[in-house]
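Subject: Handover of a structure, with notes on what was found

Dear colleague,

I am passing this structure on to you, and my notes follow below it. Please read them with the structure open beside you.

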Amino acid sequence: MFNSTTVQLHSNNHPLKIHLVSTGAVAVKTRFRENMHSGIIALADFILDKKFTEWLPIYIMIIEHAEGVFIIDAGDIADVNNKDYFKSSGFIANWFDKSQFKFSVKREDEINKQLERLNINKENIKAIVLTHLHFDHTDGIKHFPDTRILVNKAEWEKPFGDLPKLYPPRFKPELIELNESFDVFAKAYYLTQSKDIILVETPGHTYHHCSVIIKADGYCIFFAADICYSQQQLLENKFTGNNTDNKIAQSTYNKVKVFAKNHPVIFIPSHDADALKRLKNSETLFSF
Ligand SMILES: [Zn+2]
(Lines give C-alpha, C1' and ligand atoms only; values in the text may rest on other atoms or scores of the structure.)
Protein backbone atom coordinates (compact mmCIF):
# COMPACT_ATOMS: atom_id res chain seq x y z
CA MET A 1 0.00 0.00 0.00
CA PHE A 2 2.84 2.37 0.85
CA ASN A 3 6.08 2.45 -1.07
CA SER A 4 9.48 2.57 0.52
CA THR A 5 12.37 4.77 -0.45
CA THR A 6 16.14 4.74 -0.08
CA VAL A 7 18.38 7.80 -0.10
CA GLN A 8 22.16 7.71 -0.35
CA LEU A 9 23.87 10.44 1.62
CA HIS A 10 27.16 11.18 3.32
CA SER A 11 28.07 12.05 6.86
CA ASN A 12 31.61 12.95 7.96
CA ASN A 13 32.92 11.62 4.62
CA HIS A 14 31.26 8.24 5.21
CA PRO A 15 28.43 6.96 3.02
CA LEU A 16 25.07 6.80 4.71
CA LYS A 17 22.12 4.88 3.31
CA ILE A 18 18.68 5.58 4.68
CA HIS A 19 15.61 3.45 4.02
CA LEU A 20 12.14 4.64 4.96
CA VAL A 21 9.76 1.68 4.89
CA SER A 22 6.20 1.21 6.05
CA THR A 23 5.33 -1.87 8.07
CA GLY A 24 1.72 -1.86 6.90
CA ALA A 25 -1.07 0.65 7.38
CA VAL A 26 -3.33 1.96 10.13
CA ALA A 27 -6.48 4.09 10.12
CA VAL A 28 -7.61 6.04 13.19
CA LYS A 29 -10.65 8.10 14.09
CA THR A 30 -10.46 11.52 12.45
CA ARG A 31 -10.74 13.19 15.87
CA PHE A 32 -8.01 10.91 17.23
CA ARG A 33 -5.69 12.18 14.50
CA GLU A 34 -6.53 15.77 15.42
CA ASN A 35 -8.28 17.26 18.43
CA MET A 36 -8.22 20.63 20.18
CA HIS A 37 -8.38 18.88 23.55
CA SER A 38 -6.28 16.29 25.30
CA GLY A 39 -7.11 13.82 28.08
CA ILE A 40 -10.62 12.68 28.87
CA ILE A 41 -12.42 15.29 26.70
CA ALA A 42 -10.46 14.29 23.61
CA LEU A 43 -11.00 10.63 24.49
CA ALA A 44 -14.80 11.02 24.67
CA ASP A 45 -14.76 13.09 21.48
CA PHE A 46 -12.88 10.59 19.33
CA ILE A 47 -14.70 7.56 20.75
CA LEU A 48 -18.00 9.16 19.64
CA ASP A 49 -16.51 10.05 16.25
CA LYS A 50 -17.69 7.57 13.61
CA LYS A 51 -15.31 8.59 10.85
CA PHE A 52 -11.96 6.96 10.20
CA THR A 53 -9.03 8.58 8.42
CA GLU A 54 -7.61 7.25 5.17
CA TRP A 55 -4.94 4.57 5.53
CA LEU A 56 -1.78 5.93 7.15
CA PRO A 57 1.72 4.43 6.98
CA ILE A 58 3.56 2.88 9.94
CA TYR A 59 7.06 4.00 9.06
CA ILE A 60 10.30 2.72 10.46
CA MET A 61 13.74 3.91 9.44
CA ILE A 62 16.69 1.66 8.63
CA ILE A 63 20.05 3.43 8.61
CA GLU A 64 23.13 1.81 7.06
CA HIS A 65 25.94 3.72 8.75
CA ALA A 66 29.74 3.23 8.77
CA GLU A 67 29.41 2.02 12.41
CA GLY A 68 26.67 -0.53 11.58
CA VAL A 69 22.95 -0.71 10.92
CA PHE A 70 20.68 1.32 13.18
CA ILE A 71 16.93 0.80 13.07
CA ILE A 72 14.46 3.30 14.42
CA ASP A 73 11.28 1.58 15.66
CA ALA A 74 10.22 -1.96 14.78
CA GLY A 75 6.77 -1.26 13.31
CA ASP A 76 3.76 -3.52 13.37
CA ILE A 77 3.15 -7.19 12.55
CA ALA A 78 0.41 -9.07 10.67
CA ASP A 79 -0.94 -10.56 13.95
CA VAL A 80 -2.40 -7.13 14.73
CA ASN A 81 -5.16 -7.93 12.21
CA ASN A 82 -6.33 -10.89 14.35
CA LYS A 83 -9.51 -10.26 16.29
CA ASP A 84 -8.03 -11.62 19.52
CA TYR A 85 -4.71 -9.79 19.31
CA PHE A 86 -5.44 -7.36 22.16
CA LYS A 87 -7.33 -9.83 24.38
CA SER A 88 -4.34 -10.45 26.68
CA SER A 89 -4.27 -6.72 27.51
CA GLY A 90 -7.65 -6.88 29.24
CA PHE A 91 -11.25 -5.96 28.45
CA ILE A 92 -10.85 -2.19 28.09
CA ALA A 93 -7.69 -2.27 25.96
CA ASN A 94 -9.23 -5.00 23.82
CA TRP A 95 -12.39 -2.97 23.22
CA PHE A 96 -10.45 0.29 22.70
CA ASP A 97 -7.83 -0.96 20.27
CA LYS A 98 -10.32 -2.96 18.23
CA SER A 99 -12.89 -0.18 17.94
CA GLN A 100 -10.64 2.88 17.51
CA PHE A 101 -8.12 1.57 14.98
CA LYS A 102 -8.11 -0.41 11.75
CA PHE A 103 -5.02 -2.24 10.55
CA SER A 104 -3.79 -3.65 7.30
CA VAL A 105 -0.44 -5.35 7.90
CA LYS A 106 0.76 -8.21 5.72
CA ARG A 107 3.54 -10.65 6.55
CA GLU A 108 5.74 -9.10 3.87
CA ASP A 109 5.30 -5.67 5.52
CA GLU A 110 6.96 -6.85 8.74
CA ILE A 111 10.42 -5.57 9.59
CA ASN A 112 12.23 -8.93 9.14
CA LYS A 113 10.84 -9.29 5.62
CA GLN A 114 11.78 -5.69 4.80
CA LEU A 115 15.37 -6.38 5.95
CA GLU A 116 15.53 -9.51 3.77
CA ARG A 117 14.30 -7.46 0.81
CA LEU A 118 17.07 -4.92 1.46
CA ASN A 119 19.71 -7.64 1.89
CA ILE A 120 20.47 -6.51 5.42
CA ASN A 121 21.77 -9.19 7.73
CA LYS A 122 20.42 -9.24 11.30
CA GLU A 123 24.01 -9.71 12.57
CA ASN A 124 24.96 -6.29 11.22
CA ILE A 125 22.35 -4.49 13.30
CA LYS A 126 24.06 -2.36 15.90
CA ALA A 127 20.82 -1.43 17.65
CA ILE A 128 17.08 -1.06 17.28
CA VAL A 129 15.99 2.14 18.95
CA LEU A 130 12.39 2.50 20.11
CA THR A 131 11.07 6.07 20.10
CA HIS A 132 8.31 5.10 22.53
CA LEU A 133 6.43 2.00 23.65
CA HIS A 134 3.22 2.03 21.60
CA PHE A 135 2.58 -1.34 19.99
CA ASP A 136 2.63 -0.05 16.40
CA HIS A 137 6.27 0.96 17.06
CA THR A 138 7.30 -2.08 19.12
CA ASP A 139 5.44 -5.17 17.81
CA GLY A 140 8.21 -5.99 15.28
CA ILE A 141 10.77 -6.56 18.08
CA LYS A 142 9.52 -10.15 18.34
CA HIS A 143 11.77 -10.89 15.34
CA PHE A 144 14.90 -9.80 17.26
CA PRO A 145 15.43 -11.87 20.41
CA ASP A 146 19.22 -11.44 20.16
CA THR A 147 19.50 -7.83 18.98
CA ARG A 148 20.39 -4.86 21.16
CA ILE A 149 17.19 -2.86 21.70
CA LEU A 150 17.48 0.61 23.21
CA VAL A 151 14.75 2.48 25.08
CA ASN A 152 14.87 5.80 26.90
CA LYS A 153 14.99 4.81 30.60
CA ALA A 154 12.49 7.54 31.50
CA GLU A 155 9.99 6.28 28.89
CA TRP A 156 10.34 2.73 30.24
CA GLU A 157 9.79 3.88 33.82
CA LYS A 158 6.82 6.11 33.02
CA PRO A 159 5.14 4.80 29.87
CA PHE A 160 1.86 6.16 28.53
CA GLY A 161 -0.63 3.95 26.70
CA ASP A 162 1.72 0.98 26.27
CA LEU A 163 0.48 -2.63 26.25
CA PRO A 164 3.27 -4.65 27.95
CA LYS A 165 1.33 -7.91 27.50
CA LEU A 166 2.17 -7.65 23.80
CA TYR A 167 5.93 -7.53 24.38
CA PRO A 168 7.78 -10.71 23.51
CA PRO A 169 8.52 -12.99 26.48
CA ARG A 170 11.60 -11.92 28.45
CA PHE A 171 11.75 -8.58 26.65
CA LYS A 172 14.55 -6.67 28.33
CA PRO A 173 15.64 -3.60 26.40
CA GLU A 174 18.82 -1.75 27.27
CA LEU A 175 17.68 1.36 29.12
CA ILE A 176 19.61 4.48 28.24
CA GLU A 177 19.76 7.79 30.03
CA LEU A 178 19.62 10.92 27.90
CA ASN A 179 22.27 12.77 29.91
CA GLU A 180 23.62 15.00 27.19
CA SER A 181 22.12 17.88 25.27
CA PHE A 182 21.99 18.54 21.56
CA ASP A 183 21.23 21.98 20.16
CA VAL A 184 17.80 23.03 21.54
CA PHE A 185 17.12 19.58 22.96
CA ALA A 186 18.00 19.37 26.65
CA LYS A 187 18.00 15.57 26.77
CA ALA A 188 19.99 13.70 24.16
CA TYR A 189 22.01 10.53 23.61
CA TYR A 190 24.54 10.04 20.81
CA LEU A 191 23.89 6.70 19.14
CA THR A 192 27.10 6.75 17.09
CA GLN A 193 30.73 7.47 18.03
CA SER A 194 30.78 10.00 15.22
CA LYS A 195 27.88 11.80 16.92
CA ASP A 196 25.80 12.02 13.78
CA ILE A 197 22.78 9.96 14.92
CA ILE A 198 21.21 11.47 18.01
CA LEU A 199 18.29 10.37 20.13
CA VAL A 200 16.51 13.42 21.57
CA GLU A 201 13.62 13.59 24.00
CA THR A 202 10.54 15.18 22.39
CA PRO A 203 7.74 14.74 24.95
CA GLY A 204 4.02 15.31 24.52
CA HIS A 205 2.72 12.19 22.82
CA THR A 206 4.12 10.24 25.76
CA TYR A 207 5.94 11.67 28.79
CA HIS A 208 9.38 10.78 27.44
CA HIS A 209 8.80 10.20 23.75
CA CYS A 210 11.95 10.43 21.62
CA SER A 211 12.87 11.38 18.09
CA VAL A 212 16.02 10.61 16.13
CA ILE A 213 18.08 13.22 14.29
CA ILE A 214 20.49 12.08 11.59
CA LYS A 215 23.08 14.68 10.65
CA ALA A 216 23.93 14.15 7.00
CA ASP A 217 25.96 16.41 4.74
CA GLY A 218 23.51 19.01 3.45
CA TYR A 219 20.65 18.49 5.87
CA CYS A 220 19.33 16.69 8.93
CA ILE A 221 16.74 13.96 8.79
CA PHE A 222 14.37 14.25 11.73
CA PHE A 223 12.54 10.99 12.45
CA ALA A 224 9.76 12.51 14.55
CA ALA A 225 7.81 9.31 15.36
CA ASP A 226 4.50 10.47 16.92
CA ILE A 227 5.35 14.08 17.88
CA CYS A 228 2.45 14.73 15.50
CA TYR A 229 0.76 12.70 12.77
CA SER A 230 1.71 15.07 9.92
CA GLN A 231 4.09 17.92 9.18
CA GLN A 232 1.02 20.12 8.62
CA GLN A 233 -0.03 19.66 12.26
CA LEU A 234 3.37 20.88 13.41
CA LEU A 235 3.21 23.94 11.16
CA GLU A 236 -0.35 24.82 12.21
CA ASN A 237 0.12 24.03 15.92
CA LYS A 238 -2.65 21.46 15.83
CA PHE A 239 -2.55 18.42 18.09
CA THR A 240 -3.38 14.74 18.02
CA GLY A 241 -6.18 13.47 20.28
CA ASN A 242 -3.99 11.26 22.45
CA ASN A 243 -1.29 13.56 23.81
CA THR A 244 -0.36 13.43 27.48
CA ASP A 245 -0.60 17.23 27.55
CA ASN A 246 -0.87 19.72 24.69
CA LYS A 247 1.25 22.31 26.56
CA ILE A 248 4.16 19.87 26.60
CA ALA A 249 3.44 19.00 22.95
CA GLN A 250 3.48 22.72 22.05
CA SER A 251 6.82 23.18 23.77
CA THR A 252 8.22 20.29 21.70
CA TYR A 253 6.74 21.83 18.50
CA ASN A 254 8.50 25.11 19.35
CA LYS A 255 11.86 23.39 19.83
CA VAL A 256 11.55 21.44 16.59
CA LYS A 257 10.71 24.64 14.71
CA VAL A 258 13.66 26.56 16.19
CA PHE A 259 15.94 23.66 15.28
CA ALA A 260 14.49 23.46 11.75
CA LYS A 261 14.92 27.20 11.23
CA ASN A 262 18.61 26.93 12.10
CA HIS A 263 19.35 23.71 10.17
CA PRO A 264 17.76 22.32 6.99
CA VAL A 265 15.52 19.51 8.28
CA ILE A 266 13.51 16.82 6.51
CA PHE A 267 10.71 16.09 8.94
CA ILE A 268 9.39 12.52 9.09
CA PRO A 269 6.51 11.62 11.40
CA SER A 270 5.75 7.87 11.52
CA HIS A 271 2.22 8.19 10.17
CA ASP A 272 2.64 10.96 7.57
CA ALA A 273 2.22 9.52 4.06
CA ASP A 274 3.85 12.64 2.52
CA ALA A 275 7.10 12.08 4.44
CA LEU A 276 8.36 9.61 1.85
CA LYS A 277 8.07 12.16 -0.94
CA ARG A 278 9.83 14.78 1.16
CA LEU A 279 12.73 12.43 1.88
CA LYS A 280 12.98 11.43 -1.78
CA ASN A 281 12.92 15.05 -3.00
CA SER A 282 15.02 16.50 -0.12
CA GLU A 283 12.19 18.86 0.85
CA THR A 284 13.11 20.63 4.05
CA LEU A 285 10.64 21.95 6.62
CA PHE A 286 11.57 25.57 6.00
CA SER A 287 13.25 26.94 2.89
CA PHE A 288 16.99 27.59 2.89
ZN1 LIG B 1 2.46 6.44 19.53
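Arg278 has a relative accessibility of 6% and therefore counts as buried, where buried stands for under 20% relative accessible area, exposed for over 50%, and partly exposed for what lies in between, with a 1.4 Å probe and protein chains only. This residue belongs to helix 9, residues 275–280; helices (H or I, at least four residues) and strands (E, at least two) are DSSP runs, numbered from the N terminus. The side chain of Arg278 is joined to that of Gln231 by a polar contact of 3.2 Å, a term that covers a pair of N or O atoms within 3.5 Å, of which, within protein, one must be able to donate a hydrogen and the other to accept it, while residues adjacent in sequence count only if both atoms are side-chain atoms. Not counting residues up to four places away in sequence, Arg278 touches Gln231, Ile266, Phe267, Pro269, Asp272 and Glu283, contact being defined as heavy atoms within 4.5 Å.

Please keep in mind that this is a predicted model, in which local features need pLDDT of at least 70 and side-chain atom pairs count only at pLDDT 80 or more, whereas totals for chains, interfaces and linings use all residues. Residues are numbered from 1 along each chain as its sequence is written, and side-chain values use heavy atoms, with hydrogens and water left out.

Next comes the metal site. The zinc ion is coordinated at 2.2 Å by His132 (NE2), His134 (ND1), His205 (NE2) and Asp226 (OD), donors being N, O and S atoms within 2.8 Å of the metal (3.2 Å for Na, K and Ca), and since water is not among the atoms, sites may look incomplete. Along the chain, these donors follow the spacing H-x1-H-x70-H-x20-D. His134 lies in the loop between strand 6 (125–130) and helix 5 (135–138), and Asp226 in the loop between strand 13 (220–225) and helix 7 (231–236), so this pair ties together parts that are 92 residues apart in sequence. Both His134 and Asp226 are buried. The angles subtended by the four donor atoms run from 87 to 174 degrees, which makes the arrangement irregular; four donors count as tetrahedral if all angles lie between 85 and 135 degrees, four count as square planar and six as octahedral if opposite donors are over 155 degrees apart and all others between 65 and 115, and anything else is irregular.

One of the zinc donors, His205, is also among the residues touched by Asn243, together with Ser38, Gly39, Phe160, Gly204 and Ala249, not counting residues up to four places away in sequence. Asn243 is found in the loop between helix 7 and helix 8 (246–262), and at 3% relative accessibility Asn243 counts as buried. Although Asn243 and Gly39 are 204 residues apart in sequence, they are 7.2 Å apart in space, C-alpha to C-alpha. The side chain of Asn243 also makes polar contacts with the side chains of Thr240, at 3.3 Å, and of Asn246, at 3.0 Å.

Another buried polar residue is Gln100, with 2% relative accessibility, which lies in helix 3 (residues 91–100). A polar contact of 3.0 Å joins the side chain of Gln100 to that of Lys29. In helix 3, the buried residues are Ala93, Asn94, Phe96, Asp97 and Gln100, and what covers them includes strand 2, helix 2 (39–48), strand 5 (101–104) and helix 5.

As for the nonpolar interior, the largest nonpolar core has 31 residues, of which Ile18, Met61, Ile63, Ile214, Ile221, Phe223 and Ile268 touch the most other members; such a core is a set of buried Ala, Val, Leu, Ile, Met, Phe, Trp, Tyr and Cys residues joined through side-chain atoms within 4.5 Å. A second, separate core of 23 residues includes Ala188, Ile213, Ala249 and Tyr253.

Two backbone details may also interest you. Asn13, in the loop between strand 1 (5–11) and strand 2 (14–28), has a positive phi of about 70 degrees although it is not a glycine, and at 73% relative accessibility Asn13 counts as exposed. Ala225, which has its place in strand 13, likewise is not a glycine and has a positive phi of about 50 degrees, but at 0% relative accessibility Ala225 counts as buried.

With kind regards
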